[in-house]
Amino acid sequence: MIKRKDAIILKSFDYRNTSKIIHVLTEDSQRISVIAKGARRTTSRFGGNIEPINFTQIVYYIKEDRDIGILKEANTLEPFLNLKNDLYRLNIAWGLIWIAKKIPDPQDGLFGLLERSLTFLNRGFEEEVLVYFLLSLFHLSGVSPKINRCVMCGSKEVKFFDIPSGGAQCAECRVDSAILVNSLLLVLYDLKKGRLRAWEEIVESDEKKVLEIVLEYGIYHLGEWLNRLRDILPSRIMPKER
Ligand SMILES: [Zn+2]
């Protein structure tokens, strides 16, 4: 059966003498593999269209009972050249791509989230995109933290954030593991809603604090696999220590 889908290229590697295999996340948030025959020849029609991170429309043939398809056409819709020309933002993009490859059950909406996040990076946003991506991923996975109200009593007077309890806490309900975060909750709330400019309002030490809280939240609620993100990202973005 021939299929035509928008996709983001997650990975590309050499296969036999002249071909490549690409792993992609399709518009319906499925991860599939396709063989690009002859892609390593300089005359290949696939050329740069199957480079990782690219947002590409692919046409491929796949048999009912196979899990690998054969690529027929690939046309880049957005190569994200701005972010690829900036090592810092490129590293963050690799982090997002890595999560999309590793997350055990890709949820509906993952493709749209990845595409939006790469677009934000391409426009010049930096680590705030990682926070936005993770908060949105928690939402897709059904483990979204409560941010603007106390998870225990519903009060709006929240100052603390507790990872195991699933979000913000007021001074009365706070448990021992809760972290004092004050107005950083407002920044988290804005980022969750896609208002990335909120990041400009906080100082660098608070940026690190927010990144750490969001990653730890993910490790607790999505699984230990996410801790490897620390090895994927350079330490100036995400510290190695826990
Ligand atoms: Zn409370």
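In this predicted model, strand 6, residues 158–162, pairs with strand 7 in the antiparallel sense, and the pairing runs over four bridges. One residue pair can be named here: F160 has Q169 of strand 7 as its bridge partner.

The two strands belong to an open sheet of three strands in the order 7-6-8, with antiparallel pairing. Strand 7 (167–170) and strand 8 (179–180) are at the edges and have a single partner strand each, so one side of each has no neighbour in the sheet. In general, the strands of a sheet pair through backbone hydrogen bonds, in either a parallel or an antiparallel arrangement.

A helix also meets this sheet. Helix 5, residues 184–192, lies across strand 6 and strand 7, and runs at about 70° to strand 6.

The elements above are part of a protein chain whose secondary structure comes to seven helices and eight strands. Values for the whole chain are set out below.

| Property of the protein chain | Value |
|---|---|
| Span of the C-alpha trace along its principal axes | about 65 × 40 × 30 Å |
| Share of the 242 residues that count as buried | 48% |
| Exposed area | about 12000 Å² |
| Share of the exposed area from carbon and sulfur atoms | 46% |

Among contacts in the protein chain with a separation of 6 or more, 55% come from residues 24 or more positions apart. As for charge, the protein chain carries 36 positive and 32 negative side chains. The centres of these two sets lie 6 Å apart.

Definitions and conventions: Residues are numbered from 1 along each chain as its sequence is written. This is a predicted model: local features need pLDDT of at least 70, side-chain atom pairs count only at pLDDT 80 or more; totals for chains, interfaces and linings use all residues. Side-chain values use heavy atoms; hydrogens and water are left out. Buried means under 20% relative accessible area, exposed over 50%, partly exposed in between (1.4 Å probe, protein chains only). Contact means heavy atoms within 4.5 Å. Accessible areas come from the Shrake-Rupley method with a 1.4 Å probe; for residues, only the protein chains shown count as cover. Lys and Arg count as positive and Asp and Glu as negative; His and the chain ends are not counted. The place of a charge is taken as NZ of Lys, CZ of Arg, CG of Asp or CD of Glu. Two strands pair if DSSP finds at least two bridges between them. Axes are lines fitted to C-alpha atoms, for helices over the stretch in contact, and angles run from 0 to 180 degrees between N-to-C directions.
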